[in-house]
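Me: I've got a model open and want to see how each label follows from the numbers. Could you go through it with me?

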Amino acid sequence: MLAKKTIYPLTWTKENFSIKIFCSIPNIATGILIRAGNAHFVVDPGDGILRDLNKELKISDILNISDVFVTHGHHDHVGGVWSLLTYLRVMNKKSPLYIHYPKGCLEIVHIHNAFNKVYSNNISYKIILKEITDNKSFTSKKVLIKPFPVVHKEYMGDHNVTRQVPALGFKFTFNEIKICYGGDTAYCEELVRHASKSDLAILEAGHDDETADEMHMTLSEAKSIGESAKEYFLVHVPE
Ligand SMILES: [Zn+2]
Ligand SMILES: [Zn+2]
């Protein structure tokens with residue numbers, strides 16, 4: 001079955017909690033903005049995130065972004081991190097920036113190290129890396145965040161050997177409204193559990209045929225999970 005092409009951006013709002021998915025195309029880029037009251041979070045800042053944030057927000061709101069959530073280190077999810085960090089420095093951000101990422105996600109650690117090395121002593125704001133090790137819930141700006149492990153494998157070199165990527169999904173709850181974002185994932189019980197009864201589930205359907213694997217979900221797998229939520233978006237569909 002061929003998916004209908006998703007037209008981005010996708011937006012969803014309930015009361016003063018909203019999400020805008022600027023883009024979610026496998027191997028190209030993802031970029032997501034969450035607004036919760038006056039707070040702004042960025043999720044999976046892929047390439048193009050600066051352009052999209054600047055179209056959407058005033059500079060003062062961009063400077064107030066408090067938290068970045070990274071589901072995993074694939075380039076289509078972190079490709080915009082360097083430019084985001086640099087832009088915030090150039091624009092003289094003062095408030096701290098928290099970056100939440102799964103334990104073992106070397107991309108974030110090394111981008112951060114390189115950034116510190118290049119701009120040492122000349123960064124206007126604090127970058128606080130929050131490695132997620134135990135998947136415990138935490139709160140930022142009155143939003144409850146529950147990370148959960150997902151199944152997302154990748155090929156090693158050109159062999160038929162795969163390895164699990166450090167990868168998470170996130171469930172965001174604000175004033176009892178729940179948004180569940182699975183990141184990149186195969187069908188897995190943790191995702192089934194967290195997506196169920198969410199106000200919005202954002203589910204990748206990144207697998208390009210209907211044979212299940214351990215990297216991405218098929219369209220029917222993603223739909224079956226989506227139907228357990230009040231509303232859902234299918235994203236990361238190959239174009
Ligand atoms: Zn991806
Ligand atoms: Zn991925």
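Reply: Sure, and keep in mind that this is a predicted model. For a start, 54% of the 239 residues of the protein count as buried.

Me: What makes a residue such as C180 count as buried?

Reply: The cut-off is under 20% relative accessible area. C180 has 0% relative accessibility, so it counts as buried. You'll find C180 in strand β13 (residues 177-181). Leaving aside residues up to four places away in sequence, C180 touches F148, F170, K171, L191, H194, A195, S198, L200, A201 and I202.

Me: Why do H74 and H152 count as buried?

Reply: Same test, under 20%. H74 comes in at 18% relative accessibility, so H74 is buried. H152 has 1%, so H152 is buried too.

Me: Which residues coordinate the zinc ion (ligand 2)?

Reply: H72 (NE2), H74 (ND1), H152 (NE2) and D184 (OD) do, at 2.2 to 2.4 Å. A donor has to be an N, O or S atom within 2.8 Å of the metal, and these distances meet that.

Me: Why is the site of the zinc ion (ligand 2) called irregular?

Reply: Its four donor atoms make angles of 91 to 166°. To count as tetrahedral, all angles must lie between 85 and 135 degrees. The 166° end breaks that limit, so tetrahedral is out. Square planar needs opposite donors over 155 degrees apart and all others between 65 and 115; the site ends up as irregular. Bear in mind that water is not among the atoms, so sites may look incomplete.

Me: How are the donor residues of the zinc ion (ligand 2) spaced in sequence?

Reply: The pattern is H-x1-H-x77-H-x31-D. Within it, H74 and H152 link distant parts of the chain, 78 residues apart. H74 is in the loop between β5 (67-69) and α3 (75-78), while H152 is in the loop between β9 (143-149) and β10 (153-155).

Me: What does D184 bridge?

Reply: D184 bridges the zinc ion (ligand 2) and the zinc ion (ligand 1), which are 3.5 Å apart.

Me: Now the whole chain. How many helices and strands are there, and why is the protein called as compact as a globular protein of that length?

Reply: There are seven helices and 15 strands. The radius of gyration is 17 Å, close to the 18 Å that the globule rule gives for 239 residues, so the protein is as compact as a globular protein of that length. Its C-alpha atoms fill a box of roughly 50 × 45 × 35 Å along the principal axes.

Terms used. Residues numbered from 1 in each chain as written. Chains lettered and ligands numbered in written order. Predicted model: local features only at pLDDT ≥ 70, side-chain atom pairs only at ≥ 80, totals over all residues. Heavy atoms only, no water. Donors = N, O, S within 2.8 Å, 3.2 Å for Na, K, Ca; no water. Tetrahedral: all angles 85-135°; square planar, octahedral: opposite > 155°, others 65-115°. Helix = DSSP H or I, 4+ residues; strand = E, 2+ residues; numbered from the N terminus. Buried < 20%, exposed > 50% of the residue type's maximum accessible area, 1.4 Å probe, protein only. Contact = heavy atoms within 4.5 Å. Rg over C-alpha atoms; globule rule 2.2 N^0.38 Å.
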